[in-house]
Amino acid sequence: MARKVGFDGKDAPTDGNNKLALPQKTGGEASPRKSIGQGAPSPRKSLNPGVSASPRKSLIPGQAANKEGNEKKTQNKGTLIQQAAASVNADSIFGALRRGQAVNVGFGSIMIEQDLMEVPMFKACSASFVSALAQDASETTKAFSEGQIIQEAGAPGKSMVLLTRGAAQVMKKGEVLMNLKQGDHYGETMLLGLEQVWRVSLVSLSSSMIIEIRRDSFRRILEDFPVEIKQFESFFDVTLDQLFSGTRTNTCDIFTGLSMKTLEVFDEHILRRVFFPGETVLQEGDDSKELVLLQDGMAVLEIAGRNVRTETRGMKERREGRSHAEEDKEEEEDSQDRPACFGELEFLGLSSVRKTEVKALTPCVCRVLHREMVPFIAQEKAIRAELEGSLLMQMFHQNVRSTHHAQSSVLGDFVAAKCSEEFLMFLAGHLEARLHPKGKKMCDLNRDSGSKSLQMVMTGPVTV
């Protein structure tokens, strides 16, 4: 039988059920706590003889207790407990992950709500709407170990994934297309119903945690929030022609001359993304090689942090009532239905470093073709002969060095004008290179946008 020990270290009496028998309080008898303080110093006070402060004060000799500080500590106590619990929970989860299984995690909705508020897609939404999403998402949080597949290409697309811890890669046909870090998301097109199947795989790079926002829950919650419905309803009525705009319909210049069969093969390798205000559509630098087609929305192109030009596609209701000065910032009207292209030269390999950055000003529906996918497209036997003789593939195989030489030659006028070396260095690093096919109008000097830019021809003849 287990031995019962009292608070004084001696054997304590027990009742009939072998439980510790607590002393019964009788009439007129003071409780143990009260008896300590009658005629004798408190044990806590005796830790610092000669100090008459309260027990809490005596732990820090010479300092008075700060009531206000204690109140703040009390207020933060709940938050600290949640964070500590989450940390312990995460450590135990990742210990289990080392044994090779994905784990369902029950995160509190408050923590998830904080993560969702940082997602650009939800920043314009009300707190009550985000809270409702967070409550539903608390049932779909999962943890993955390094190398585990979070989502696999070809699987039904019913949710968006938000990475709350760790890192992951977006892959297609064994090629890494982009890296995701903590706070990044992927699959917004599935959430909005623009796609029904995962076109890529998400693979965990480390011990990671994710939140899934399910499409059925998202639409159900939307029914109770009229303001949010207006924000997202335009995505629910996209037609087939709009989905393939830029290739099969309203073909962009870069795909000119390709047959419908070839364009259909390209469509199988082009991804679809939606970017919300403030998000970077196209990143500057030497790692950015993708081609982006802006189908709907407004985006600004920046060089050295300065707005160079704005592109608007679709959004007819937002273009109504715009002034002529604002319209001049866009391309000519007859090209409004054709997607705006960004990143052609880097995608084709004609430029090794992207010097521009594109950011979304409104929700932007885009299609993205990564340079890594072109070799897979070229391997298709049915279109190989046509593709090899196309202008696109001819440019794709050109040497970047010849372009660099041509770019340096356009600075000759500035050198002749005896501009400083510092200015020449800045100019060389911040020119926007653009591709214009035969017959394409490069600029119109009668328009405001054309009169504020200098056009320098690097290669090919032009007519003024």
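Here is a chat about one sheet and two helices in a predicted model.

Colleague: What makes E3 and E6 the edges of the open sheet?

Modeller: The four strands are ordered E3-E8-E5-E6, with antiparallel pairing. Strand E3 (149–151) and strand E6 (175–180) each have a single partner strand, so one side of each has no neighbour in the sheet. Neighbouring strands here are also turned against each other by 35° on average, direction ignored.

Colleague: How do you know that E5 and E6 count as paired?

Modeller: Pairing takes at least two bridges. Strand E5 (residues 168–172) is joined to E6 by five bridges, so by that cut-off the two strands pair, and they run antiparallel. Met171 stands opposite Val176 in E6.

Colleague: Now helix H5: why are its buried residues said to be on the same side?

Modeller: In H5 (residues 127–137), the buried ones are Phe129, Val130, Leu133, Ala134, Asp136 and Ala137. They cover an arc of only 165° around the axis, which puts them on the same side of H5. The buried residues pack against several elements, including helix H4 (109–117) and strand E2 (141–144).

Colleague: And why are H4 and H5 called oblique to each other?

Modeller: Check the angle: it's about 125°, with the axes 8 Å apart. Roughly perpendicular covers 65 to 115 degrees and roughly antiparallel means over 145, so this pair falls under neither and counts as oblique. H4 passes H5 in a right-handed crossing.

Colleague: Which residues in H4 meet H5 there?

Modeller: Ser109, Ile112, Glu113, Leu116 and Met117 do. On the H5 side, the residues they meet include Val130, Leu133 and Ala134.

Conventions
Residues are numbered from 1 along each chain as its sequence is written. This is a predicted model: local features need pLDDT of at least 70, side-chain atom pairs count only at pLDDT 80 or more; totals for chains, interfaces and linings use all residues. Side-chain values use heavy atoms; hydrogens and water are left out. Axes are lines fitted to C-alpha atoms, for helices over the stretch in contact, and angles run from 0 to 180 degrees between N-to-C directions. Buried means under 20% relative accessible area, exposed over 50%, partly exposed in between (1.4 Å probe, protein chains only). The arc is that of the directions from the helix axis to the C-beta atoms. Contact means heavy atoms within 4.5 Å. A crossing is left-handed if the near helix is turned anticlockwise from the far one by less than a right angle, and right-handed if clockwise.
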